[in-house]
Amino acid sequence: MDLNSLLLWIIGFWCIVLLIWLTRIPFNQLRGWVIVTLFILAVTGGIFYLNPNVAGLIGGSLWIILILLPLNGMKKASQLISVGRYSEASKLMKRLRWLHPADGWLEQPELLRALEMGQRGNMADAMKILNRYQTNATPIGRSATVLLYRMGARWEELLLWIRNNLPEKVLFKDSTVVSYYLRALGETGDLNGLLHEFDRFESFLEKTGDGAGVNTVRMFILAFCGQPEHLQKLLSGPLAAIFTQNISEFWLGTAEMAAGNQNVGRDRLLALSDRGDLGLDNAIALRLSQPPIAPEQVLTESSRKILARVANELKHEGQYGRAVILNGKKLYATYVLILINLLVFALEIKSGGSESLDVLLYHMGALEPKAFWAGEWWRLVNATFLHAGFLHLGMNMMALYVLGSFVERSLGIWRYLISYFVCGIGSMLTIAILARFLPAQTLGILARFVPSQDQITVGASGAIMGLVGVIAAIMLRGWLRDKSRVAAKGLQSILFIIGLQAIFDLITPQVSMLGHNSGLIIGFLIGSLLQINWRSKSYS
């Protein structure tokens with residue numbers, strides 16, 4: 001597969017995935033993304049009809065400029081906003097806003113400028129800017145209104161405005177307003193309302209974000225309900241890259257006060273004062289003058305169950321979700337495996353090229369079933385570290401980094417390495433066995449999926465698909481044993497990846513579908529076996 005073909009695959013896959021995700025969100029909120037995505041698909045399709053050899057290159061360029069760049073830019077802007085660096089976020093949005101003018105990006109720099117002014121204490125000018133955009137009819141107008149109330153810590157008024165002006169159907173279209181609505185319930189001491197409304201809006205928040213939105217609301221819940229230990233895990237895990245140390249300390253101080261540790265909480269908050277952030281200073285002053293309500297005095301039985309579920313899902317996030325990847329453990333084994341693959345590839349290049357399948361790779365140890373059965377068993381290992389070209393190597397190493405990081409941190413180094421090598425060697429052995437005992441001439445239409453005795457196979461794909469199988473086993477066990485929603489969603493994602501890989505294998509003759517599928521099955525089996533021991537130790 002060449003670069004042009006790979007880009008066609010990437011464009012088609014990500015554009016379709018993006019369109020599916022956008023169906024969850026009201027069209028008027030993200031219509032620019034829909035228009036841009038359809039435009040890229042249409043242009044790429046038109047060029048493919050005229051000249052398929054350049055369609056992927058042109059479409060890929062559009063995809064980078066109109067989707068990848070804005071997505072990463074927005075992610076960076078959100079990070080800057082979350083840590084209070086409004087000036088930098090405003091400058092970044094000024095450069096990005098013309099890429100998606102239909103989604104309210106044109107107004108974003110001004111709103112951020114208002115936040116910057118409020119942060120510096122220039123509340124009058126900040127209010128003037130926000131008043132200019134204030135309206136209930138548009139997402140940007142509602143955001144401006146919410147910011148007006150938030151900057152003045154007018155939480156009671158914010159609740160009244162939402163209840164009197166925004167029908168439920170509007171709330172279920174605006175995740176920003178919902179997030180501030182839930183915080184306002186906590187700030188005003190309505191803990192039962194906070195928990196039950198979160199229970200009602202949780203699914204909506206999960207659908208419309210990347211996890212940061214729902215975890216931010218979980219932060220409010222754990223803080224106002226006095227759960228500092230659980231909050232610490234959330235702030236050092238899923239939210240570690242979102243909030244600054246100052247903001248984390250503010251919410252931990254709030255949690256300590258709500259838990260009854262008044263002196264500890266006050267000391268945390270007072271230590272944050274006078275650091276040049278007027279907004280933070282005002283929030284600290286308000287918290288100290290109006291301490292959080294003790295949750296044990298007000299929480300109903302149903303609210304306690306919701307709070308327990310939030311804490312339990314946080315635990316599951318640490319076992320099955322993105323928090324596994326963010327837990328800070330070093331990826332020693334994954335880095336070593338990637339390094340070995342790179343060094344072997346460098347040796348291929350030094351020896352005369354990486355795509356001489358009939359000469360170079362064969363002599364370096366590519367799997368040829370006939371040679372294996374002649375006694376060259378070491379080909380089962382060597383073949384897993386050889387790659388046919390830069391594209392083949394790059395795709396496998398990116399997949400190894402993403403999948404390997406999860407498995408290594410979930411199972412530990414040694415179980416991870418056992419999984420990797422058993423899957424890689426096992427998939428190569430499966431190819432060798434079937435090539436010998438199922439001659440191609442007896443298979444008819446299935447001959448395409450079983451290599452001949454003379455066909456050679458290289459690549460880490462079998463081991464990597466084995467990691468997919470291991471992850472599937474982890475998620476399935478989490479769903480069945482722990483009743484984890486996080487694991488259930490992870491399993492759905494893995495099944496989607498498997499389906500996509502199957503389609504790719506069917507239409508790409510150069511890849512080994514047998515190697516992929518055998519690695520996947522072996523990975524699922526070995527992952528299930530390794531987890532029996534792993535789980536028994538973890539929960540004994």
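**Contacts, cores and helices in a predicted model**

User: Which residues does Leu-185 touch, not counting residues up to four places away in sequence?
Analyst: In this predicted model, the place of Leu-185 is in helix α10, which covers residues 175–187. Leaving out residues up to four places away in sequence, the residues that Leu-185 touches are Leu-159, Arg-163, Asp-190, Gly-193, Leu-194 and Glu-197.

User: Does Leu-185 count as buried or exposed?
Analyst: The relative accessibility computed for Leu-185 is 1%, and the cut-off for a buried residue is under 20%. Because its value of 1% falls under that limit, Leu-185 counts as buried.

User: How many Å separate the C-alpha atoms of Leu-185 and Ile-221?
Analyst: These two residues stand 36 residues apart along the chain. In the model, the separation of their C-alpha atoms is 9.9 Å.

User: Which helix gives the most residues to the largest nonpolar core?
Analyst: The largest nonpolar core has 85 residues, and those with the most contacts inside it are Leu-158, Leu-182, Met-219 and Leu-231. With 8 residues, the helix that gives the most to this core is the one spanning residues 212–224, namely α12.

User: How many residues are in the other core, which includes Leu-337 and Phe-345?
Analyst: This core lies apart from the largest nonpolar core, which has 85 residues. Among its members are Leu-337, Phe-345, Val-470 and Leu-520, and the number of residues in this other core is 36.

User: At what angle do α12 and α14 pack?
Analyst: Helix α14 covers residues 245–258, and its axis lies 7 Å from that of α12. On the α12 side the contact is made by Met-219, Phe-220, Leu-222, Ala-223 and Phe-224, and on the α14 side by Trp-251, Thr-254, Ala-255 and Ala-258. By class, this contact has 8 nonpolar, 1 polar and no charged residues. The angle at which the two helices pack is about 35 degrees.

User: On which residue is the kink in α22 centred?
Analyst: Helix α22, residues 390–411, reaches 30 Å from its first C-alpha to its last, close to the 32 Å expected at 1.5 Å a residue. Just after this helix, Gly-412 takes a positive phi of about 95 degrees. Within α22 itself there is a kink of about 30 degrees, and the residue at its centre is Gly-404.

User: What percentage of the residues in the protein chain are buried?
Analyst: The secondary structure of the chain comes to 26 helices and 0 strands. Of the 540 residues in the chain, the buried share is 48%.

Key. Residues are numbered from 1 along each chain as its sequence is written. This is a predicted model: local features need pLDDT of at least 70, side-chain atom pairs count only at pLDDT 80 or more; totals for chains, interfaces and linings use all residues. Side-chain values use heavy atoms; hydrogens and water are left out. A nonpolar core is a set of buried Ala, Val, Leu, Ile, Met, Phe, Trp, Tyr and Cys residues joined through side-chain atoms within 4.5 Å. Buried means under 20% relative accessible area, exposed over 50%, partly exposed in between (1.4 Å probe, protein chains only). Helices (H or I, at least four residues) and strands (E, at least two) are DSSP runs, numbered from the N terminus. Axes are lines fitted to C-alpha atoms, for helices over the stretch in contact, and angles run from 0 to 180 degrees between N-to-C directions. Contact means heavy atoms within 4.5 Å. Ala, Val, Leu, Ile, Met, Phe, Trp, Tyr, Cys and Pro count as nonpolar, Asp, Glu, Lys and Arg as charged, and the others, Gly among them, as polar. The expected span of a helix is 1.5 Å times one less than its number of residues. The bend at a residue is the angle between axes fitted to the seven residues ending there and the seven starting there.
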